[in-house]
Amino acid sequence: MRIDLITKEYPPHIYGGAGVHVAELVKVLRQSIDVKVRCFGEPRAESDTFAYTHASAFDSANGALQTLSTDLAMVEDIAGSDLVHSHTWYANFTGQIASKLHGVPHLITAHSLEPLRPWKELQLGGGYRLSSWIERSAYEDATGIIAVSDGMRADILRAYPQIDPAKITVVHNGIDLEAFQSAKDFDSVRANGVDPDQRSVVFVGRITQQKGLPYLLKAARELPSDVQLVLAAGAPDTPQILQEVTDLVEELRKVRSNVIWIQKHLSRPELIALLSSATVFACPSIYEPLGIVNLEAMACSIPVVATATGGIPEVVEDGKTGLLVPIEQLSDGSGTPLDENRFVSDFAEALNNMLESKQLHDYGIAGRLRVEQNFSWGSIAEKTLSVYRGAIENFK
């Protein structure tokens with residue numbers, strides 16, 4: 001069986017959960033089948049991995065048009081594949097066109113949905129309208145869709161109600177259990193400005209509207225004075241959201257001296273050291289199809305306080321591996337809390353309850369056990385292989 005896997009992100013250039021998913025999935029799949037990876041960017045040294053860029057005629061074009069040009073550059077090379085598997089809208093067009101040209105099934109893994117990120121239209125204008133059109137067309141036309149959570153499956157059916165529910169299969173994201181486990185490295189933590197001897201609430205994520213960082217910054221006003229707020233946060237979507245976060249950090253620092261903002265990209269050892277030193281991991285997302293960051297924290301035996309939205313409740317077991325914060329959200333796809341003050345207050349209360357819990361250690365142990373039992377890449381790759389086989393058989 002030969003699979004051509006299409007992705008924008010691939011090591012060494014990964015900036016989100018979809019890239020982590022692809023990188024880890026490929027490692028395990030290649031133990032069983034032939035996988036050709038086709039990604040964006042400069043050439044990779046890895047065997048059976050091919051990188052593509054847009055045609056030079058599109059150098060000054062809208063980013064969405066550059067994506068389409070890159071996608072089309074891949075299509076001819078997919079000849080001979082048994083199935084094409086695309087990840088995110090950046091790659092969906094390649095999968096759809098290759099499926100028609102070469103007569104092979106097209107499988108999509110849904111990591112996020114354009115209709116549930118409507119704020120992108122304000123940022124990208126026509127580019128967002130084009131990406132939304134590409135995604136809708138590809139999803140409706142695909143042989144099958146893998147949703148990374150039950151919450152994502154429900155979102156797909158709400159966003160695209162004409163899709164046959166039978167062609168959507170849930171296969172969760174996973175975690176590298178050998179790499180992500182508690183590993184104390186106090187020197188690394190101190191080098192990033194954090195005191196490992198003091199309690200800390202840690203956030204890891206990109207500065208985007210969906211990650212909900214502004215709500216955490218407002219909730220942090222209610223934290224005990226000794227608790228460090230550690231933000232491993234970079235790659236802002238827009239100058240506007242960066243400015244909003246910057247302003248909130250500056251306001252918070254007027255009343256707290258222990259707000260540490262790490263804006264550089266952390267290496268994996270640095271990230272694991274930071275997570276392992278945390279008292280509580282915070283995930284204030286308002287849109288999160290699954291949330292690999294929560295898996296990473298739990299794998300490092302750290303309790304999680306997270307929003308009860310999207311696929312997060314399928315990862316964080318409320319009252320056992322962490323605490324879930326309820327949220328009522330606008331139905332316009334933005335995820336915006338109906339009552340921001342209440343959400344912020346509830347998040348602050350959950351953080352304080354966890355910080356003062358006498359079962360902190362038990363939460364951490366339970367989190368590690370949960371990821372071991374349910375989120376190993378070995379089991380996720382086997383489920384993915386099963387979906388491949390079914391898609392190929394049904395396509396014939």
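User: Why is Glu114 called buried or exposed here?

Analyst: Happy to walk through that. This is a predicted model in which local features need pLDDT of at least 70 and side-chain atom pairs count only at pLDDT 80 or more, while totals for chains, interfaces and linings use all residues. Residues are numbered from 1 along each chain as its sequence is written, and side-chain values use heavy atoms, with hydrogens and water left out. Now the call itself: buried means under 20% relative accessible area, exposed over 50%, and partly exposed in between (1.4 Å probe, protein chains only). Glu114 has a relative accessible area of 0%, so it is buried. Its place is in the loop between β5 (106–110) and α4 (120–124).

User: What makes the pair Glu114 and Ser131 a polar contact?

Analyst: A polar contact is a pair of N or O atoms within 3.5 Å; within protein, one must be able to donate a hydrogen and the other to accept it, and residues adjacent in sequence count only if both atoms are side-chain atoms. The side chains of Glu114 and Ser131 meet this at 2.8 Å. Contact in general means heavy atoms within 4.5 Å, and Glu114 also touches Trp89, Lys120, Tyr128, Ser132 and Glu135, leaving aside residues up to four places away in sequence.

User: Why does Arg153 count as buried, partly exposed or exposed?

Analyst: Arg153 has 25% relative accessibility, so it counts as partly exposed. The residue is found in helix α6 (residues 150–159). Its side chain reaches the backbone oxygen of Pro165 at 2.9 Å, and Arg153 touches Ala147, Ile168 and Val170 as well, not counting residues up to four places away in sequence.

User: How do you know that the length of helix α1 agrees with its residue count?

Analyst: Helices (H or I, at least four residues) and strands (E, at least two) are DSSP runs, numbered from the N terminus. The expected span of a helix is 1.5 Å times one less than its number of residues. For the 13 residues of α1 (residues 17–29) that gives 18 Å, and the end C-alpha atoms are 18 Å apart, so the two agree.

User: What makes α1 largely enclosed?

Analyst: 10 of its 13 residues are buried, so the rest of the structure largely encloses α1. Among them are His21, Glu24 and Leu25.

User: And why is strand β4 described as largely enclosed?

Analyst: In β4 (residues 83–87), five of the five residues are buried, so this strand is largely enclosed by the rest of the structure. Leu83, His85 and His87 point one way, and Val84 and Ser86 the other. In a regular strand the side chains alternate between the two faces of the sheet.

User: How do you know which strands β4 pairs with?

Analyst: Two strands pair if DSSP finds at least two bridges between them. β4 pairs in the parallel sense with β1 (residues 2–7) over four bridges, and Asp4 stands opposite Val84. β4 and β5 also pair in the parallel sense over four bridges, with Leu107 in β5 as the bridge partner of His85.

User: What makes the unit of β4, α3 and β5 right-handed?

Analyst: A crossover is right-handed if, with the strands pointing away from the viewer, the path from the first strand over the helix to the second runs clockwise. β4, helix α3 (residues 89–102) and β5 make a right-handed β-α-β unit.
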